[in-house]
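Here is a set of questions and answers for a first-year student who wants to read a protein model step by step. Please look at the sequence and the structure first.

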Amino acid sequence: MKLENFPDEIRHFLMPKHKGNLVYRCLGCGKEHGIENLLYTCPDCGKVLLIHDLNFDHLKSISGEKWQNIFDYRKMLKIPALKGIYLFHEFIGPVIPLSSIIYLGEGHTPIIEANSLLQEKVGMKFFFKNDGQNPSASFKDRGMASALSYINYLVKDKHLSDILAICASTGDTSASAALYAAYLQPNIKSAVLLPHKKVTPQQLSQPLGSGACVFEIPGVFDDCMKIVESLSERYNVALLNSKNAWRILGQESYSYEIAQNFEYDMRNKVVIVPIGNAGNITAVLNGFIKFYETGIIDILPKIIGVQSKHANPVCNYYSEPDNKKRRFIPVNVRPSVAQAAMIGNPVSMPRVIHLVKKYINLAGEDSISFVEVTEQDIIDCQIAANRNGHIACTHGGECLAGLFVAIKKGLVSKTDTAILDSTAHALKFSGFQNMYFENKFPSEYEILPNKALINNPVLINPDELSKVPIPGKHLNESDFKIFVISISDQIANALDLKER
Ligand SMILES: *Cc1c(COP(=O)(O)O)cnc(C)c1O
Ligand SMILES: [Zn+2]
């Protein structure tokens with residue numbers, strides 16, 4: 001709809017006008033630093049940062065109800081810069097002019113209710129939010145749209161050039177970074193570091209296809225992370241890991257979309273997210289807090305963070321009930337089908353600790369929980385979900401497995417509604433599905449396929465038929481007739497079809 005056709009009382013608000021005053025705020029010493037330079041850690045104490053808007057309170061001069069109207073009406077505009085995560089511009093990057101925003105179709109991913117079969121099995125109402133339907137097929141695009149829009153602004157406004165964007169990745173960060181950097185040719189180039197043989201073939205093909213320099217490194221993600229950190233400290237590169245607080249800002253859009261989808265009613269809602277480097281849960285918490293503080297939602301949803309037992313440092317930390325005795329200890333990860341979350345030393349742990357305290361202060365002790373799940377349950381749940389019409393990745397399966405544990409532990413009530421994060425597209429992890437169907441998991445995964453969930457193709461190529469079609473060589477008419485009848489009879493037999 002054209003701007004001039006909106007009702008008078010809303011038209012004035014549709015184009016973002018809020019002037020943000022953004023600073024990096026250190027979670028260690030509390031100092032604030034200007035955003036003119038890209039910072040990843042505090043120059044004074046070395047701890048991680050979050051971006052804070054010093055003018056955030058100005059947003060409260062508009063009522064929560066008015067904001068709801070603004071976002072709902074704004075969805076009807078056809079301005080590309082406001083179609084993705086920047087629909088929530090005032091909350092995400094209110095220093096970035098619309099002309100610098102990159103929109104590649106990220107955000108506003110579908111929220112799909114599970115069918116009645118699956119809801120009965122689980123025992124409550126739940127939805128998957130399909131973040132695999134982002135342009136590079138994972139939620140990482142939300143953070144990249146933010147980080148690269150900001151870098152694009154620096155290029156356009158501050159005349160920076162020859163930027164090399166760099167990241168370490170469990171697969172999806174690099175796919176996303178390479179995609180957005182490719183769009184910003186020739187000013188921005190990208191290089192990605194991947195743990196050798198620890199990402200899926202699809203995830204490896206993505207940055208290669210986008211033209212990034214791809215380096216494979218021995219070890220696991222945590223080792224790659226140390227290398228890019230060293231590069232970003234000693235060389236002039238732009239770090240695109242979630243250590244970069246601009247990534248977190250963009251990923252907050254996930255919470256805003258959930259709020260909008262449920263008409264800003266967060267009563268009895270439970271949001272379930274997988275945790276790897278812990279950037280995603282940081283953003284989800286911060287997003288809901290910001291909407292709560294501005295009255296856009298009047299209640300905070302319950303949050304459940306899920307980890308595999310093979311990569312569970314955050315769960316370990318919170319398993320100590322006495323918060324004074326909690327101590328963070330990195331773990332050595334073991335192989336996991338939730339491969340993008342196979343991280344033993346999450347960079348955002350200090351952010352999680354900070355925001356969990358804040359969330360609990362606002363919403364109560366039982367508003368956040370952390371649960372651990374087995375590899376077996378992760379993949380069983382993924383496959384069960386997809387057999388009921390979903391396109392969940394293994395991490396989506398991890399969320400469903402987490403919901404089962406949460407119900408068992410009484411952390412959620414059967415009258416709640418859960419929203420599960422399927423963080424990537426199922427197709428990125430089809431190799432794990434094959435390993436399951438072919439019963440080929442190496443023993444470290446501790447996965448045995450459930451026979452009822454196995455599905456393999458059946459080759460119908462009857463021995464007694466001497467003549468079958470070969471590409472490029474047609475059968476003669478009578479041989480072809482014999483072939484068609486014989487094969488269709490065998491299929492009918494296999495499917496137990498009744499004759500007409
Ligand atoms: C990155 C990623 C995660 C983990 O998110 P963090 O922000 O690292 O906790 C989970 N699932 C997928 C598909 C991912 O790409
Ligand atoms: Zn500091």
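Q: Which residues of H13 are buried?
A: The model shown here is predicted, and a residue counts as buried when its relative accessible area is under 20%. In H13, the residues that meet this limit are Met349, Arg351, Val352, Ile353, Leu355, Val356, Tyr359 and Ile360.

Q: Against what do the buried residues of H13 pack?
A: The buried residues of H13, among them Leu355 and Tyr359, have partners that include both helices and strands. These partners are E3, helix H9 (245–251), helix H11 (279–293), strand E11 (302–308), helix H12 (313–318) and strand E12 (368–373).

Q: How many Å apart are the end C-alpha atoms of helix H13, and what span should its residues have?
A: Helix H13 covers residues 349–363, and at 1.5 Å a residue its 15 residues should span 21 Å, because the expected span takes one less than the number of residues. The computed separation of the end C-alpha atoms agrees with this expected span, being 20 Å.

Q: Which residue follows H13, and what is its phi?
A: Just after H13 comes Gly364. The phi of Gly364 is positive, near 100°.

Q: Is Ser253 buried or exposed?
A: Ser253 has its place in helix H10, which covers residues 253–261, and leaving aside its neighbours within four places in sequence, Ser253 is in contact with Ile85, Phe88, Ile92 and Arg142. With Arg142 there is also a polar contact of 2.9 Å between the side chains. The relative accessible area of Ser253 is 0%, and because anything under 20% counts as buried, Ser253 is buried.

Q: What is the geometry of the site of the zinc ion (ligand 2)?
A: The protein donors are the SG atoms of Cys26, Cys29, Cys42 and Cys45, lying 2.3 Å from the zinc ion. Ideal angles for four tetrahedral donors are 109.5 degrees. Here the angles among the four donor atoms are 92 to 118°, and four donors count as tetrahedral if all angles lie between 85 and 135 degrees, so the site is tetrahedral.

Q: Why does the pair Cys29 and Cys45 tie together parts that are apart in sequence, and how many residues apart are they?
A: The donors of the zinc ion (ligand 2) follow the spacing C-x2-C-x12-C-x2-C along the chain. Cys29 lies in the loop between strand E1 (22–26) and strand E2 (32–34), while Cys45 lies in the loop between E2 and strand E3 (49–53), so the parts that this pair ties together are apart in sequence by 16 residues.

Terms used
Residues numbered from 1 in each chain as written. Chains lettered and ligands numbered in written order. Predicted model: local features only at pLDDT ≥ 70, side-chain atom pairs only at ≥ 80, totals over all residues. Heavy atoms only, no water. Donors = N, O, S within 2.8 Å, 3.2 Å for Na, K, Ca; no water. Tetrahedral: all angles 85-135°; square planar, octahedral: opposite > 155°, others 65-115°. Helix = DSSP H or I, 4+ residues; strand = E, 2+ residues; numbered from the N terminus. Buried < 20%, exposed > 50% of the residue type's maximum accessible area, 1.4 Å probe, protein only. Polar contact = N/O pair within 3.5 Å; in protein donor to acceptor, adjacent residues only side chain to side chain. Contact = heavy atoms within 4.5 Å.
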